[in-house]
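Reader: I would like a close look at one part of this protein. Please start with the overall picture and then zoom in.

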Amino acid sequence: MKYGFLFGAGAEVGYGLPAGGKFALDIFRFDASDSKKAFKEMRDMVDPTTYYASKWLPNGYMEKNISSFGKTVFQNIIKDTVEHNRDNIIKRINQFDEIASKEIRSMLNDGIDMNAVLKGLLGKDVSNIRMGQTIKFIDELQQGNELFNSSYYSALLLVYKKKNILTREQRVELGKILLSILQLHIGALSESLTRKINDGLFAKKDDDIDFFDDIGEIIQLNYSSSGLTGMEYLLDKHEADTSSDGGKCLRLAQKIIESIYAVVLDYKSLIDANWHYLYSPSSDWAKFCKICIFLLTVRAYISEIAIDVHPESRRGYYHSLKEAADKGLFEIGAVATTNYNRFIEAILQTQVTFLNGSTETWYDPYLNRIGERDLIKTDENHILVPLMFTQSGTKPMTSIEMSIAYVSTYQEWRTADKIVVVGFGFGTDDEHINGIIRTLIDSDDKNIEIVTVESGKSANELAKDYALKLKTSKCDNISVIQVNDQGKDSTGKMWTEII
């Protein structure tokens with residue numbers, strides 16, 4: 001049996017690599033100085049006697065200032081996060097106890113029993129603490145009241161309220177964290193409310209009176225007060241000293257706010273809003289520099305953490321797949337990934353198609369060419385950028401190299417006995433890949449097996465959810481395997497044995 005494989009971000013979490021919002025936070029914390037230096041070196045290598053230098057680049061480009069993204073971009077990121085992830089934010093913060101419990105378990109590894117600490121400070125078990133009768137939102141925002149009914153947010157509020165527990169500095173910092181979480185929650189709740197009002201200002205109206213359509217959005221949300229403080233705090237954060245009980249409480253709050261932002265933060269707007277400046281350096285030099293340096297920084301960050309986590313010494317999906325294939329359980333067909341690290345090739349010892357680019361995939365905006373750096377380099381020495389955000393840049397999708405990669409992957413998957421998808425979420429921004437899988441299901445009647453982490457739903461329920469995401473009615477062609485962090489199902493079978 002020959003299987004095709006698609007790997008998403010979830011397949012690399014086991015190798016110690018961050019995903020989602022944690023990935024974004026770490027990038028903005030990463031030092032961009034080396035990326036600025038690399039960009040300057042590329043600029044200095046450009047042949048100044050060419051049409052490229054005289055027309056594509058601005059006059060005097062060698063002397064122009066070079067800058068990278070600063071904190072001014074954060075408000076746009078928060079705006080996009082609250083606009084597009086409002087339901088997820090509300091759900092996430094309403095599950096405060098679940099988040100806190102996970103972080104408390106992690107602190108036990110450092111010898112800190114936060115339940116005992118909080119009980120000692122507050123005089124009762126955390127499970128017996130609720131502030132829901134004391135604090136409530138107005139009726140219009142009542143969906144968010146679960147936060148005040150959570151034990152751990154209530155406990156941290158009481159710790160803040162009791163002025164003898166924390167030092168002055170600790171109290172100020174804890175207050176900032178609790179307020180930031182509340183602001184993000186209110187921002188998401190208010191966004192839902194303003195959308196509801198702006199989309200339906202009239203209970204009834206005469207459609208023939210056309211100026212009603214010109215009213216537009218009356219209510220606007222102040223995004224600067226809807227989570228920006230929390231993001232700025234996380235980017236400047238330091239770990240609290242846990243030698244005192246007050247420090248332990250502060251450390252718990254730090255871990256919780258990072259966990260919340262790491263799931264809901266949406267940084268795609270930064271790429272979407274700036275990608276097109278890659279094509280207009282002569283008129284938008286500053287913005288051209290910023291997006292180039294940002295992409296170089298992303299590459300540097302991803303490459304560095306891949307080295308730090310030593311994936312070759314860890315156990316993960318790639319290793320278990322290689323072992324299963326070596327045992328002859330099945331043959332590995334075409335392998336594709338939406339991840340950017342190249343160590344998957346070294347582990348599987350096979351060719352891999354990087355559908356969203358990779359750390360070793362480069363892009364020439366001038367020629368709309370994609371490939372390894374040495375292969376697309378010209379005598380003119382164009383300024384190149386790492387290609388790692390294909391879905392945010394539609395033009396690279398039209399390059400012949402990318403077209404060939406996608407068509408070849410599809411054709412090879414068509415000949416496979418089935419397609420196995422590991423750690424991929426079929427999000428709304430993944431339609432360039434979802435379309436391939438949907439075609440394989442609808443037109444080619446292929447079976448798709450999805451390996452995902454355990455959830456509270458049955459495999460059949462999840463299959464229906466994935467069918468909806470893929471916009472296909474052929475739910476019977478989709479099967480789901482739920483596994484733990486060792487890649488085993490509830491019976492102890494490895495996912496490679498099940499497929």
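Reader: How many helices and strands does the secondary structure of the protein chain come to? After that, take me to the second largest pocket and its lining.

Author: Keep in mind that this is a predicted model. The protein chain has 20 helices and 9 strands. Of its 499 residues, 52% are buried. Take the contacts with a separation of 6 or more: 73% of them join residues 24 or more positions apart. The accessible surface of the chain is about 24000 Å², and carbon and sulfur atoms hold 47% of that.

Now the pocket. The second largest pocket has a volume of about 590 Å³. It is lined by 27 residues. Closest to its centre are Gln351, Val352, Thr353, Phe354 and Ala405. By type, the lining splits into 11 nonpolar, 9 polar and 7 charged residues.

Which elements build this lining? At least two residues each come from β2 (331-337), β3 (352-354), β5 (369-371), α16 (373-376) and α17 (400-415). Helix α17 gives the largest share, with 7 residues.

Follow β5 a little further. This strand also belongs to an open sheet of 3 strands, in the order β5-β4-β6, with antiparallel pairing. β5 and β6 (385-386) are the edge strands, and each has a single partner, so one side of each has no neighbour in the sheet. The partner of β5 is β4 (residues 362-364), and the two pair in the antiparallel sense over 3 bridges. One bridge to look for links Asp364 with Arg369 in β5.

How values were computed
Residues numbered from 1 in each chain as written. Predicted model: local features only at pLDDT ≥ 70, side-chain atom pairs only at ≥ 80, totals over all residues. Heavy atoms only, no water. 1 Å grid on protein atoms, 1.4 Å probe; cavity = no way out; pocket = protein on both sides within 12 Å on 5 of 7 lines; lining within 4 Å. Points joined across faces, edges and corners; volume = space filled by probe spheres on them. Helix = DSSP H or I, 4+ residues; strand = E, 2+ residues; numbered from the N terminus. Nonpolar A, V, L, I, M, F, W, Y, C, P; charged D, E, K, R; others polar. Buried < 20%, exposed > 50% of the residue type's maximum accessible area, 1.4 Å probe, protein only. Contact = heavy atoms within 4.5 Å. Areas by Shrake-Rupley, 256 points an atom, 1.4 Å probe, with all protein chains shown as cover. Pairing = 2+ DSSP bridges.
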